[in-house]
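Here are a few exercises to work through with the model open in your viewer. Try each task before you read its solution.

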Amino acid sequence: MSSRLKNIMIPLIAVLLGVIVGTIIMIATGYDAVAGYTALWNGAFGEVYYTGEVVRQVTPYILAGLAVAFAFRTGLFNIGVEGQLIVGWLAAVWVGVAFDLPKFIHLPLAVLAAAAAGALWAFIPGLLKAKFKVHEVIVTIMMNYIALHVTNYIVRSVLTDNADRTENIADTASLRSPFFESITDYSRLHWGILIALVCVFIMWFLLEKTSKGYELKAVGFNQHASQYAGMSVSSNIILSMVISGAFAGLAGAMEGLGTFGYAAIKGGFTGVGFDGIAVALLGANGPIGIVFAAILFGGLKVGALNMPLEAGVPNELVDIIIALIVFFVAASYMIRIVIDKFGKKGVK
């Protein structure tokens, strides 16, 4: 069996195993698995409104997955996508509230502000990694908490007068789409899905078709060999984190300019950035794989909301299934061993 086919089969088998084990847990705890999965499907694709909501949820998942995957592909572990998303969300809303500009200037400016904020937030761990060899996992995790509390302070004390949320962004900075809303029974689907798909192409093109992408991957694969070949290891590490952070900041823009239209005090993390890790793993860190993984996770997250209503099944069971899928993806070496054994038997 070819290596490419294995890379496709492993995520599919991981999803199947996750669903099977999740079904066993559902039955063992006294719930009707058939009714549960039927409710899940109906809540995700049973009506055009729900389908619109799935695509709306898929949008930030794609960008968060790209952020994690880009760092992974260049030898880095960006666990700070959640924090970069939060600061990107705030920056986008800040521009959306503070300026009165024509839409063709205001909207791109707000989107770029989110990307710049996420990039800046990722620049700090990138710099510490490149110059002082500080492990990026530790720094990015801490930066998540800093982002959460700093943005809460800015919302409460800078953008508002002790309020829990900002005012709504101007229409000229909004990603809302009357067209998408009308064809999806007035879901919150917005133009951000097009931005996410453009970013999928950008990541693929940058890593696979440019010399700079080759450099970034080479540095991630072997820093010593890259340095010997004349590549700047430090600048490439920083650039990798900055690009990863920009994708994460754009994910925040999707929420701030598209789904909600404001920034609010957060009692905890959104979870989108952390889910991006699972999306990247399931998508094998490839742009196309991330799209399919984001669709799966978006469908599970939105469909789960219907499970308690239609089948009396707690939607937390979907979180268990997602965790199981991630577990089996992380333990892909076991799946690979089984595939290899069956492959050898087939040859005989």
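**Exercise 1. The second largest pocket**

Task: Work out how much space lies in the second largest pocket of this predicted model, and which elements give two or more residues to its lining.

Solution:
- Start with the volume: the second largest pocket holds about 390 Å³ of space.
- Next, go to the middle. Of the 20 residues in the lining, Gln-57, Tyr-61, Thr-270, Val-272 and Lys-301 lie nearest the centre.
- Now map the lining onto the fold: α3 (48-73), α12, α13 and α15 (316-330) each give two or more residues.
- Finish with chemistry. The lining splits into ten nonpolar, four polar and six charged residues.

**Exercise 2. The largest pocket**

Task: Find out which helix gives the most to the lining of the largest pocket, and how the lining divides by class.

Solution:
- The volume of the largest pocket comes to about 740 Å³.
- It has 22 lining residues, and those closest to the centre are Asn-7, Pro-11, Leu-282, Gly-283 and Ala-284.
- Two or more lining residues come from each of α1 (3-28), α12 (272-282), α13 and α16 (332-347).
- Among these, α1 gives the most, with seven residues.
- By class, count 14 nonpolar, six polar and two charged residues in the lining.

**Exercise 3. A nonpolar patch on the surface**

Task: Which residues make the nonpolar surface patch, and which helix supplies the largest share?

Solution:
- Pick out Trp-41, Phe-45, Ile-288, Phe-292 and Ile-295: together they make a nonpolar surface patch of about 560 Å².
- Assign them to helices. Both α2 (33-45) and α13 (287-304) supply at least two residues of the patch.
- The largest share belongs to α13, with three residues.

**Exercise 4. Two isoleucines**

Task: Are Ile-288 and Ile-339 buried or exposed?

Solution:
- Take Ile-288 first, in helix α13. Its relative accessible area is 55%, and the cut-off for exposed is over 50%, so Ile-288 counts as exposed.
- Move on to Ile-339, in helix α16. Here the relative accessible area is 8%, against a cut-off of under 20% for buried, so Ile-339 counts as buried.

**Exercise 5. Sequence gap and distance in space**

Task: How far apart are Ile-339 and Glu-316 in sequence and in space?

Solution:
- Along the chain, 23 residues separate Ile-339 and Glu-316.
- In space, go from C-alpha to C-alpha: Ile-339 and Glu-316 are 31 Å apart.

Notes: Residues are numbered from 1 along each chain as its sequence is written. This is a predicted model: local features need pLDDT of at least 70, side-chain atom pairs count only at pLDDT 80 or more; totals for chains, interfaces and linings use all residues. Side-chain values use heavy atoms; hydrogens and water are left out. Patches are made of residues with over 30% relative accessible area and no salt bridge: like charges are joined within 9 Å, nonpolar side chains (Val, Leu, Ile, Met, Phe, Trp, Tyr) within 5 Å. Accessible areas come from the Shrake-Rupley method with a 1.4 Å probe; for residues, only the protein chains shown count as cover. A salt bridge is a side-chain nitrogen of Lys or Arg within 4 Å of a carboxyl oxygen of Asp or Glu. Helices (H or I, at least four residues) and strands (E, at least two) are DSSP runs, numbered from the N terminus. Buried means under 20% relative accessible area, exposed over 50%, partly exposed in between (1.4 Å probe, protein chains only). On a 1 Å grid over the protein atoms alone, a cavity is a set of points where a 1.4 Å probe fits but cannot get out, and a pocket is an open set with protein on both sides within 12 Å along at least five of seven lines; lining residues have an atom within 4 Å of a point. Grid points are joined across faces, edges and corners, and a volume is the space filled by probe spheres set on the points. Ala, Val, Leu, Ile, Met, Phe, Trp, Tyr, Cys and Pro count as nonpolar, Asp, Glu, Lys and Arg as charged, and the others, Gly among them, as polar.
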